[in-house]
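Here's a quick look at one model, with a greasy surface patch and a helix pair as the main topics. Have the structure open while you read.

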Amino acid sequence: MALLGAIIYSADNQISYAVANEFHPTMFFVYNSNVSIIFCVIVTFAIRPKKPTSLKELVLIIFYGTLCTIVHITLQSSIFAIGPGNAAAIFFTTTVFTGILSIVFLKTKPKGIEIVCIICSSTGVVLVTRYVTLFETNTEGNGISLGITGVAFALVAAITFAATLVLAKKLSQLATPALIAVFSYLFQYAVAGLILCTLYHAWKLPETFISATLVASTGATLFFGMIFEYLAVRYANPTTVSIILTLQVVLNFVGQFTLFSFPLNWTVLVGSVLIIFSCIGLLLLKKEGNAAEINDEEAELI
């Protein structure tokens, strides 16, 4: 599930890159979120998931949506302030924060191989993003104060994203449907986008049918990416999911190397290998854990 989420998020990044020069970021928020809500409503009416059964669950669902909205807006703000490479390098320290928050709130202690995978994936992200900008943006004229602000936004996004993964685990333990949790996020994200777009006077219609189609498709990728991310946390621990999601850095580069002729560099290759190695290590750990559970069940039957 986490791998599917990384693939879909990477596709979303490539499409966003293709239309980045046409829209103000806040206008992009509006299109992105509202198209996602349409997908969410259609699927919700088709599946009809169960409603929240307690006030606690409802509060957690709303809080989850708020945190996800903060992640999206602060990360985009960081990208425009300090550049995509710097923002991504800081944001994907979220693997560290996820491990810490899991210990505090879920009472799960990371295993040695998980710590190694966190170090490998974080190092890999830095190597890839320090050489390749994952999305082009105009960052000329950034002063020291803007740089500090951008770093602060990226750190807030990293910590908040870690919190969303841990909270998603809590919600999954309450059997909260993915559609309900994701709708909470998309609704709040849409409201925030409308407010920001109005404040920046950034309203604009797509200039061509192709650009309109591309923008609409990002709504679909956002919706399905969020669904797979939420389901991944249901079946795996948040730290594992956060590490696997760093694969989107590698996929972003592969997409831009293929579609936009970005140059190849040894640091990118080494960083990609480290990220892939960390994911393979986690898969092996998961396989060993499943084998141990099966052996325990067989022992109980005997």
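Helices here are DSSP runs (H or I, at least four residues), numbered from the N terminus. Thr218 sits in helix H9, which covers residues 209-235. This is a predicted model, so local features need pLDDT of at least 70 and side-chain atom pairs count only at pLDDT 80 or more, while totals for chains, interfaces and linings use all residues. Numbering starts from 1 along each chain as its sequence is written, and side-chain values use heavy atoms, with hydrogens and water left out.

Two residues are worth setting side by side. For the labels, buried means under 20% relative accessible area, exposed over 50%, and partly exposed in between (1.4 Å probe, protein chains only).

| Residue | Relative accessible area | Label |
|---|---|---|
| Phe183 | 33% | partly exposed |
| Thr218 | 0% | buried |

Thr218 also has a partner from far off in the chain: Ser33 is 185 residues away in sequence, yet 8.9 Å away in space, C-alpha to C-alpha.

Phe183 lies in helix H8 and belongs to a nonpolar surface patch with Val41, Phe45, Phe187, Val191, Ile195, Leu199 and Tyr200, about 790 Å² of accessible area together. Helix H2 (25-47) and helix H8 (178-199) are the elements giving two or more residues to that patch, and H8 gives the most, with 5. Patch members need over 30% relative accessible area and no salt bridge, and nonpolar side chains are joined within 5 Å. A salt bridge means a Lys or Arg side-chain nitrogen within 4 Å of an Asp or Glu carboxyl oxygen.

How do H8 and H9 meet? Their axes (lines fitted to C-alpha atoms, angles running from 0 to 180 degrees) come within 10 Å and cross at roughly 135°, so H8 and H9 are oblique to each other. Oblique is what's left after under 35 degrees (roughly parallel), over 145 (roughly antiparallel) and 65 to 115 (roughly perpendicular).

Conventions:
Patch = residues over 30% accessible without salt bridge, like charges linked within 9 Å, V, L, I, M, F, W, Y side chains within 5 Å. Areas by Shrake-Rupley, 256 points an atom, 1.4 Å probe, with all protein chains shown as cover.
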